[in-house]
Amino acid sequence: MSLANTTWTKRGGGSCPQCSSPYNNRYKPPNCLECNFYLGGSYVPTKKARLTVPKCTLVVSGEMSIYSTYTSSHDDTCLVVIDNNGKICHHQTCKNQRAILANSQKLEQFECKHLKMADDVKEPLAVYKSLSLLASYPCDDTTKAKLKEIEEKCSENLPIIVQVSPTMYCVLGAPTAKNTVGYCDVRVRGHCAMLFQRL
Ligand SMILES: [Zn+2]
Ligand SMILES: [Zn+2]
């Protein structure tokens, strides 16, 4: 390669000899993105524009750790719980697998791709420890009382709402037999998203 072929625009960058469209040397494409002139680079831009959605986000850490992990379907997440009693994944397929292992006394063998994601955990985008808007929330007294109850239950280690991605929130609720953790994933869009941002 001779330098005469390339017009240097700035340090670490170059430009296409044919159309002078600039490129960064670290991300030099095989062909010019503008005119397709052969540049000889090897950088192929990926079409994954979903970088804002982390694979795994921490919801709660401590004796019981809760993670919100990304599943293969569109911007969907599932909860993973790790504590002294073992590992639980709330993804339906994994739940079924876990039940089979439990039946044959092999629960300690339980692993799934979501649990593995917890190795590379990211901090949540936002954590809310109270519902400051609760007083003005338009709902009946029973609902308000329930929300108040949940708010009182949450603490430093048990935040009421954890934002795991631009559109997904992990919201603390009352634990049920099916969901002993009490957290569930909520997708928030439009109007609701604005309300959440004002919390
Ligand atoms: Zn070009
Ligand atoms: Zn799983």
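Two strands count as paired if DSSP finds at least two bridges between them. In this predicted model, strand β3 (residues 56-60) and β4 meet that criterion, with four bridges in the antiparallel sense. Within this pair, Leu58 has Tyr67 of β4 as its bridge partner. The connection between β3 and β4 is a hairpin with four residues between the strands. Gly62 lies in the turn and has a positive phi of about 145°.

On its other pairing, β4 joins strand β5 (residues 77-83). These two strands are also antiparallel, and six bridges link them. Ser68 is matched here with Leu79 of β5 as its bridge partner. Strand β4 itself spans residues 65-70 and is mostly covered. Five of its six residues are buried.

The pairings build an open sheet of four strands, ordered β3-β4-β5-β6, with antiparallel pairing. β3 and β6 (86-89) stand at the edges with a single partner strand each, so one side of each has no neighbour in the sheet. On average, neighbouring strands of this sheet are turned by 20° against each other, direction ignored. In a regular strand, side chains alternate between the two faces of the sheet.

The sheet strands also contribute to the nonpolar interior. The largest nonpolar core holds 24 residues. Val59, Ile66 and Val80 have the most contacts inside this core. Elements giving two or more residues to the core are β3, β4, β5, α2 (113-117), β8 (161-163) and β9 (168-172). The surroundings of Val59 were examined in detail. Apart from its neighbours within four places in sequence, Val59 is in contact with Ile66, Tyr67 and Ser68, and also with Pro124, Val162, Cys170 and Tyr183.

A second site examined was Asp185, which is found in strand β10 (residues 183-187). Asp185 is partly exposed, because 19 other C-beta atoms lie within 10 Å, whereas a buried residue needs 20 or more. Leaving aside neighbours within four places in sequence, Asp185 is in contact with Ser68, Thr77, Leu79, Met168 and Cys170. Tyr169 is 16 residues away from Asp185 along the chain, yet their C-alpha atoms are separated by 5.7 Å.

Helix geometry was checked for α1. The twelve residues of α1 should span 16 Å at 1.5 Å a residue. The end C-alpha atoms of α1 are 17 Å apart, which agrees. Gln105 follows α1 and has a positive phi, near 55°.

Confidence varies along the chain. The protein chain has a mean pLDDT of 79, and 76% of its residues reach 70 or more. Confidence is highest in helix α1 (residues 92-103), at a mean of 94. Confidence is lowest in helix α4 (residues 190-197), at a mean of 46. Over residues 1-9 the pLDDT is below 50, and this stretch has ten contacts in the model beyond near neighbours in sequence. Residues 190-199 also have pLDDT below 50. That stretch, residues 190-199, has nine contacts beyond near neighbours in sequence.

Terms used
Residues are numbered from 1 along each chain as its sequence is written. Chains are lettered from A and ligands numbered from 1 in the order in which they are written. This is a predicted model: local features need pLDDT of at least 70, side-chain atom pairs count only at pLDDT 80 or more; totals for chains, interfaces and linings use all residues. A residue is buried if 20 or more other C-beta atoms lie within 10 Å of its own, exposed if 12 or fewer, and partly exposed in between; C-beta atoms are placed from the backbone. Axes are lines fitted to C-alpha atoms, for helices over the stretch in contact, and angles run from 0 to 180 degrees between N-to-C directions. A nonpolar core is a set of buried Ala, Val, Leu, Ile, Met, Phe, Trp, Tyr and Cys residues joined through C-beta atoms within 7 Å. Two residues are in contact if their C-beta atoms, placed from the backbone, lie within 7 Å. pLDDT is the predictor's confidence in each residue, from 0 to 100. The expected span of a helix is 1.5 Å times one less than its number of residues.
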